[in-house]
Amino acid sequence: MSAPHLLATLRRRAAGLDRTIVLPEADDPRIQEAALAAVRLQLVRPLLISSGKAPAPEGIDVLAPGDDPRLRHMAENIAASPIARGRSVDRIQEQLLDPLFYACALVRDGRADAAVMGAVATTAATLRAALGVIGVDRRYQVVTSCFLMELPDRVLVYADCGVVPQPTAEQLADIAIQAAESYRSRVGGEPHVALLSFSTHGSARHGMLEPVLNALEILKERGVDFPIDGELQADAALVPAVARRKARDSPVAGRANVLVFPDLNSGNIAYKITERLAGARAVGPLLQGLALPVHDLSRGCSSEDILDTMAIAALDAESMARPDPRRQA
């Protein structure tokens with residue numbers, strides 16, 4: 001799918017699903033603007049969490065944690081699960097008064113289909129709420145993130161650019177699988193996954209390469225159903241002419257559409273450079289590996305970014321609608 005049409009297509013797909021997306025940062029004007037636009041466009045059903053500091057937009061459903069008669073029940077449900085990790089019911093109920101935690105609890109309770117937050121809160125705060133209430137999909141070791149990078153001629157997935165600072169080989173393998181799933185579900189088509197480094201197929205040798213090389217072996221052992229290769233330099237992964245010189249027999253080189261970075265430094269720098277110098281539209285960070293859909297926003301996001309993330313959250317809720325015992329604690 002060409003880049004200019006991706007987000008419009010995602011919005012059209014989401015509009016037919018009638019999903020409820022909870023937005024816990026109701027005092028932010030961008031959130032209110034996005035909620036009103038979502039109603040006007042019939043994109044999703046927004047649900048705001050009120051702190052009482054700003055009036056709610058007309059026609060938008062609003063909840064307040066302290067007024068919810070199910071708060072104790074939700075706390076008890078979490079306390080009875082493995083993700084409680086020794087927290088008492090009282091402690092969890094106190095946490096649920098925080099709009100971020102409460103929004104995640106509404107998703108867990110089935111009263112919302114997904115949550116979108118981070119216009120005001122940091123990624124760390126979003127992760128604390130999501131991990132404390134929803135937890136990691138049991139298929140994975142770690143929650144990670146990806147960005148959809150819209151360029152004039154293509155759409156790429158970059159991962160991980162927002163969560164895991166120094167991933168192990170096992171975590172890199174999880175990142176690769178999650179990012180491939182993100183490409184399939186959001187962009188469409190077959191993911192071609194490149195494990196990036198400063199070396200291509202042994203052109204350099206250094207201990208820093210070991211996690212990348214080991215991740216490739218782990219992925220082969222897991223029998224993933226998509227083409228993957230590494231270690232690859234970025235030019236070998238993306239440019240056919242360079243791939244023919246550096247990695248002629250690679251199933252990925254020259255046509256990679258999912259780029260897995262070896263650490264958070266390289267991933268975060270790369271997505272910002274691609275956005276600012278190449279004119280790409282960066283959508284994310286989209287969280288991957290949670291048992292239920294919660295998505296983060298950049299604190300520099302616009303109301304349009306929020307709308308796009310709400311659409312993606314609705315699509316994720318649809319794909320995760322059927323119960324899977326592997327997912328949730």
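Biologist: Is Phe 147 buried or exposed?

Modeller: Buried, in this predicted model. Phe 147 has a relative accessibility of 3%, and the cut-off for buried is under 20%.

Biologist: How many aromatic pairs are there?

Modeller: The count is 2 aromatic pairs. In one of them, Phe 147 is stacked with Tyr 271, with 3.8 Å from centre to centre and 20 degrees between the planes.

Biologist: Where do those two residues sit in the chain?

Modeller: Phe 147 is in strand β5, residues 144-150, and Tyr 271 is in helix α11. They are 124 residues apart, so the pair links distant parts of the chain.

Biologist: And Tyr 271, buried or exposed?

Modeller: Tyr 271 is buried, at a relative accessible area of 8%.

Biologist: What about the rings of Tyr 158 and Phe 261?

Modeller: That pair is edge-to-face, because the planes stand at 65 degrees, with the ring centres 5.2 Å apart. Tyr 158 belongs to strand β6 (residues 155-159), while Phe 261 is in the loop between β9 and α11. The two parts tied together by this pair are 103 residues apart in sequence.

Biologist: Are those two rings buried or exposed?

Modeller: Tyr 158 is buried at 6% relative accessibility. Phe 261 is buried too, with a relative accessible area of 8%.

Biologist: Back to α11. Which residues make the nonpolar surface patch?

Modeller: Ile 269, Ile 273 and Leu 277 make a patch of about 330 Å². Ile 273 lies in helix α11, which covers residues 264-277. Ile 273 is partly exposed, at a relative accessible area of 45%.

Biologist: Switching to sheets. What is the strand order in the one with 6 strands?

Modeller: The order is β8-β7-β9-β6-β5-β10, in an open sheet with mixed pairing. The edges are β8 (228-232) and β10 (281-288); each has a single partner strand, so one side of each has no neighbour in the sheet. From one strand to the next, the twist averages 20 degrees.

Biologist: How do β7 and β9 pair?

Modeller: In the parallel sense, over 3 bridges, with β7 covering residues 193-196. Leu 195 has Val 260 in β9 as its bridge partner.

Biologist: And the sheet with 5 strands, what is the order there?

Modeller: The strands run β3-β2-β1-β4-β11 in an open sheet, and the pairing is parallel. At the edges are β3 (61-63) and β11 (294-296), each with a single partner strand. The average twist is 25 degrees from one strand to the next.

Biologist: What holds β1 against β4, in terms of bridges?

Modeller: β1 (residues 20-23) and β4 (residues 114-117) pair over 2 bridges in the parallel sense. Ile 21 has Ala 114 in β4 as its bridge partner.

Biologist: Now charges. How many salt bridges does the structure hold?

Modeller: It holds 24 salt bridges. One of them joins Glu 304 and Arg 11, with the closest N and O atoms 2.7 Å apart. Glu 304 is in helix α12 (residues 303-319) and Arg 11 in helix α1 (residues 3-15), so the pair ties together parts 293 residues apart in sequence.

Biologist: Which residues are in the network with them?

Modeller: The network of salt bridges links Arg 11, Arg 281, Glu 304, Asp 305 and Asp 308. Within it, Arg 11 counts as buried at 19% relative accessibility, whereas Glu 304 is partly exposed at 41%.

How values were computed. Residues numbered from 1 in each chain as written. Predicted model: local features only at pLDDT ≥ 70, side-chain atom pairs only at ≥ 80, totals over all residues. Heavy atoms only, no water. Patch = residues over 30% accessible without salt bridge, like charges linked within 9 Å, V, L, I, M, F, W, Y side chains within 5 Å. Areas by Shrake-Rupley, 256 points an atom, 1.4 Å probe, with all protein chains shown as cover. Salt bridge = Lys/Arg side-chain N within 4 Å of Asp/Glu carboxyl O. Helix = DSSP H or I, 4+ residues; strand = E, 2+ residues; numbered from the N terminus. Buried < 20%, exposed > 50% of the residue type's maximum accessible area, 1.4 Å probe, protein only. Phe/Tyr/Trp six-rings, centres within 6.5 Å; stacked < 30°, edge-to-face > 60°. Pairing = 2+ DSSP bridges. Axes fitted to C-alpha atoms, helices over the stretch in contact; angles between N-to-C directions.
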